Amino acid sequence: MLAALTGLGLSTAAGLNAYIPLLMVGLVANFTDQLRLPQEFAWLSNGWVLGIIGVLLLAEFVLDKVPVVDSVNDMIQTVVRPASGGVVFSATEAAARLDGSTWMSHNPWLSWVLGIGIALAVHVMKTTARPVVNASTAGVGAPVVSTVEDAGALGMSLIAIFLPVLVIVAVAVLALFAWWAIRKVRRRRALRRSPV
């Protein structure tokens, strides 16, 4: 059960930033005993792989702060973020199989589907809100929102790995924030459409 919460938290983080949860899983598996990766996911802790993920994270960090470029980056990330979500969810669920979870050993495809679906849902919310933020703040909000998303992805990854029980709370807070943001955007649109 804890491995499923870890997978849920990491794939949620992947929807915000594909590379932070991948890097966290690789680093934690490489340098601590907190997370054990099975053989088929051992590549995540390889030094070269971690270096490449680090470079991609740096590029994402910069590109996502620039208005308009962030939207183009989000289009590209529509494939990358769900794939990352599938990998991190599967890696942590595969780790649960090592601990003797018979249900997951009989249904390994489910962890991929769940990870992809969760990351895609978060990514869609992010890419829907970003152009609205850019337009309503004349682009000034892009670096602020991007920094908050990166911090959220990092925080969610750390919670998922070290305190998976809190993932439910963190996901609930993220869902409430998304609900609040969507309502605010709808109100602004309604005010613009209404005659003065």
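## Salt bridges, core and helices

Student: Which residues are linked in a network of salt bridges?
Tutor: A salt bridge is a side-chain nitrogen of Lys or Arg within 4 Å of a carboxyl oxygen of Asp or Glu. The residues linked in a network of such bridges are Asp64, Asp70, Lys126, Arg130 and Glu149.

Student: What kind of model is this?
Tutor: Residues are numbered from 1 along each chain as its sequence is written, and side-chain values use heavy atoms, with hydrogens and water left out. Local features need pLDDT of at least 70, side-chain atom pairs count only at pLDDT 80 or more, totals for chains, interfaces and linings use all residues, and the model is predicted.

Student: How many salt bridges does a search of the whole structure find?
Tutor: Side chains of opposite charge can pair when their charged atoms come close. Searching the whole structure gives a total of eight.

Student: How far apart in sequence are the parts that Asp64 and Arg130 tie together?
Tutor: These two residues form a salt bridge, with closest N and O atoms 3.2 Å apart. Helices are DSSP runs of H or I with at least four residues, and they are numbered from the N terminus. Asp64 sits in the loop between α3 and α4, while Arg130 belongs to helix α6 (residues 108–136), so the parts they tie together are separated in sequence by 66 residues.

Student: Are Asp64 and Arg130 buried or exposed?
Tutor: Buried means under 20% relative accessible area, exposed means over 50%, and partly exposed lies in between (1.4 Å probe, protein chains only). Asp64 and Arg130 are both buried.

Student: Which residue forms a salt bridge with Asp150?
Tutor: The partner is in the loop between α3 and α4, whereas Asp150 is in helix α7, 85 residues away. Both members of the pair are buried. The closest N and O atoms are 2.7 Å apart, and the partner is Lys65.

Student: How far apart are the closest N and O atoms of Lys126 and Glu149?
Tutor: Lys126 lies in helix α6 and Glu149 in helix α7, so the pair ties together parts 23 residues apart in sequence. Lys126 and Glu149 are both buried. The gap between their closest N and O atoms is 2.4 Å.

Student: Which helix gives the most to the largest nonpolar core?
Tutor: A nonpolar core is a set of buried Ala, Val, Leu, Ile, Met, Phe, Trp, Tyr and Cys residues joined through side-chain atoms within 4.5 Å. This one has 30 residues, and Leu10, Leu22, Val25, Leu37, Leu44 and Ile161 touch the most other members. Helices supplying at least two residues each include α1 (2–16), α2 (19–31) and α3 (47–63). With eight residues, the top contributor is α2.

Student: How many residues of α2 are buried?
Tutor: Among the buried ones are Tyr19, Leu22, Val25 and Ala29. The helix is largely enclosed by the rest of the structure, because the buried count, out of 13 residues, is 10.

Student: Which residues is Leu10 in contact with, leaving aside its neighbours within four places in sequence?
Tutor: Contact means heavy atoms within 4.5 Å. With those neighbours set aside, Leu10 touches Pro21, Val25, Val88, Thr92, Ser157, Ala160 and Ile161.

Student: What is the distance between the end C-alpha atoms of α6?
Tutor: The expected span of a helix is 1.5 Å times one less than its number of residues. For the 29 residues of α6 that comes to 42 Å, which agrees with the distance between its end C-alpha atoms, 44 Å.

Student: What is the relative accessible area of Ala138?
Tutor: Ala138 lies in the loop between α6 and α7. Its phi is positive, near 55 degrees. Ala138 counts as exposed, because its relative accessible area is 70%.

Student: What is the relative accessible area of Arg81?
Tutor: Arg81 is found in helix α4. Arg81 is buried, and its relative accessible area is 0%.
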